[in-house]
Amino acid sequence: GTTSGAAGGAVVGGGVVQQVPYSVSHAQLPPKRREVYRIPRGALSRPAAGAKDDVRRAHGEESRFEAQLAYAASCKRGEIAARAEAAARSGQRVCIFTGRRRDVAALQATLVKLLPPGVPLFAIDGDTPSAAREAAIVDYGRAACGAVVVATGDTLGEGIDGLQVTDLAIIAQIPWTPRQVEQYEQRFWRLGLLHPVTILYLVAEGTVDEHVADALVDKLPAVAAVTGSG
């Protein structure tokens, strides 16, 4: 049979895995466009409940850092909602990756008030059963007049197929390692993509986001060259 290889390649006869770089396996895909937008401090939203407490309770440098990234993501609700509404009104499919379940719920509550009738909205977090997740992604792909899905970044893992129909991917919680960047982007820029996809990284000024942007996000083209992800 034929299955996916570790680097975007395939298993060829006899069960032997052939490693194929993304530069080959994804060469015919429509383009992937990255954008980085820095949200001014004055345009940030009030974080969802508990975000500040999570930072205070975090133990260890890595846990505190991740809690700070989640806090920053929680402050982007207004910008996210405005961009998602505009894109959905034009018939685009929008996928939003944020950090915490409470942020998924807060974004859902905001978007319900903004999206026009007929535009479906799906909210997926760690409590969503796997069958319901898969059904939501199928319905998201079938939507005829735009659609929005809001999820935590870890909920829709690489094993979930169907996000390659996305026109605009909004990354609210900034990934802070090249591997995370690759994992996020490959959920959208993958085999089966039929049109260009824009991946938007939102950076909250005055937060830990700025350090990650300086160290990683602003260097994404160089990261892509190292990882071979295009």
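## Helix packing and nonpolar cores

The crossing of helices H4 and H5 is right-handed in this predicted model. H4 spans residues 77-89 and H5 spans residues 101-114; the two pack at an angle of about 45°, and their axes lie 10 Å apart. Angles from 65 to 115 degrees count as roughly perpendicular and those under 35 degrees as roughly parallel; H4 and H5 are therefore oblique to each other.

On the H4 side, the contact is formed by Arg 77, Ile 80, Ala 81, Ala 84, Glu 85 and Arg 89, while H5 contributes Ala 106, Leu 107, Thr 110, Leu 111 and Leu 114. By character, the residues of this contact comprise 7 nonpolar, 1 polar and 3 charged.

The largest nonpolar core contains 30 residues. Cys 95, Phe 97, Ile 124, Tyr 140, Leu 156, Leu 163 and Phe 188 have the most contacts inside this core. The elements below each supply at least two of its residues.

| Element | Residues |
|---|---|
| Strand S4 | 93-98 |
| Strand S5 | 121-124 |
| Helix H6 | 130-142 |
| Strand S6 | 147-152 |
| Strand S7 | 168-171 |
| Helix H7 | 178-186 |
| Strand S8 | 197-204 |
| Helix H8 | 209-215 |

Strand S8 provides the largest share of this core, 4 residues. As for Cys 95, its contacts beyond neighbours within four places in sequence are Tyr 140, Val 149, Leu 163, Thr 166, Leu 168, Ala 169, Ile 170 and Phe 188.

Another core, of 21 residues, lies apart from the one just described; Ala 84, Ile 96, Leu 200 and Leu 202 are among its members. Ala 84 also belongs to the contact of H4 with H5.

Note on methods: Residues numbered from 1 in each chain as written. Predicted model: local features only at pLDDT ≥ 70, side-chain atom pairs only at ≥ 80, totals over all residues. Heavy atoms only, no water. Axes fitted to C-alpha atoms, helices over the stretch in contact; angles between N-to-C directions. Parallel < 35°, antiparallel > 145°, perpendicular 65-115°, else oblique. Left-handed = near helix turned anticlockwise from the far one by under 90°. Contact = heavy atoms within 4.5 Å. Nonpolar A, V, L, I, M, F, W, Y, C, P; charged D, E, K, R; others polar. Core = buried A, V, L, I, M, F, W, Y, C linked by side-chain atoms within 4.5 Å. Buried < 20%, exposed > 50% of the residue type's maximum accessible area, 1.4 Å probe, protein only.
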